[in-house]
Amino acid sequence: MEQRLTELEMRLAFMENTVQTLDATVATQDRLIHEMRREMQRLRDELGGLKLALPDDARDEPPPPHY
C-alpha cells in the first residue's frame, strides 16, 4: 500500500510539473498571438493608407512622357 501511495504521489508531482510547463507555454503563445494581431492590424492600416494614395485604376493614369 505504501509503495502505491508513493507511486501516485510521484505521478501527481510529475503531472503538476507538466501542467505548469504547459501553462507557461500557453501564456507565452498567447502574448505572441496578441503581438502578431497588433502587427497585422498595423500592416492592414498601412496597406489601406497606401491603397488610398494610389490611383483607383492604372488605366486612368496619363502615359509616361516618353510615349
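This passage describes the salt bridges and a nonpolar surface patch in a predicted model.

Three salt bridges are present in the structure. In one of them, E7 is paired with R11, and the closest N and O atoms lie 2.9 Å apart. The two residues are four positions apart in helix α1, so that about one helical turn separates E7 from R11. E7 is partly exposed, its relative accessible area being 36%.

The remaining pairs involve R42, which forms a salt bridge with E39 at a closest N to O distance of 2.6 Å and also meets the side chain of E46 in a salt bridge of 2.9 Å, N to O. E39, R42 and E46 are thereby linked in a network of salt bridges. Within helix α1, R42 and E39 are three residues apart, about one turn of the helix, while E46 and R42 are four residues apart, again about one turn. Each member of the network is partly exposed, with relative accessibilities of 35% for E39, 40% for R42 and 43% for E46. In general, side chains of opposite charge can pair when their charged atoms come close.

Apart from these charged pairs, L12, F14 and M15 make a nonpolar surface patch of about 340 Å². L12 belongs to helix α1, which comprises residues 2-53. With a relative accessible area of 44%, L12 is partly exposed, and because patches are made of residues with over 30% relative accessible area, the value of 44% for L12 is consistent with its place in the patch.

How values were computed
Residues numbered from 1 in each chain as written. Predicted model: local features only at pLDDT ≥ 70, side-chain atom pairs only at ≥ 80, totals over all residues. Heavy atoms only, no water. Patch = residues over 30% accessible without salt bridge, like charges linked within 9 Å, V, L, I, M, F, W, Y side chains within 5 Å. Areas by Shrake-Rupley, 256 points an atom, 1.4 Å probe, with all protein chains shown as cover. Salt bridge = Lys/Arg side-chain N within 4 Å of Asp/Glu carboxyl O. Buried < 20%, exposed > 50% of the residue type's maximum accessible area, 1.4 Å probe, protein only.
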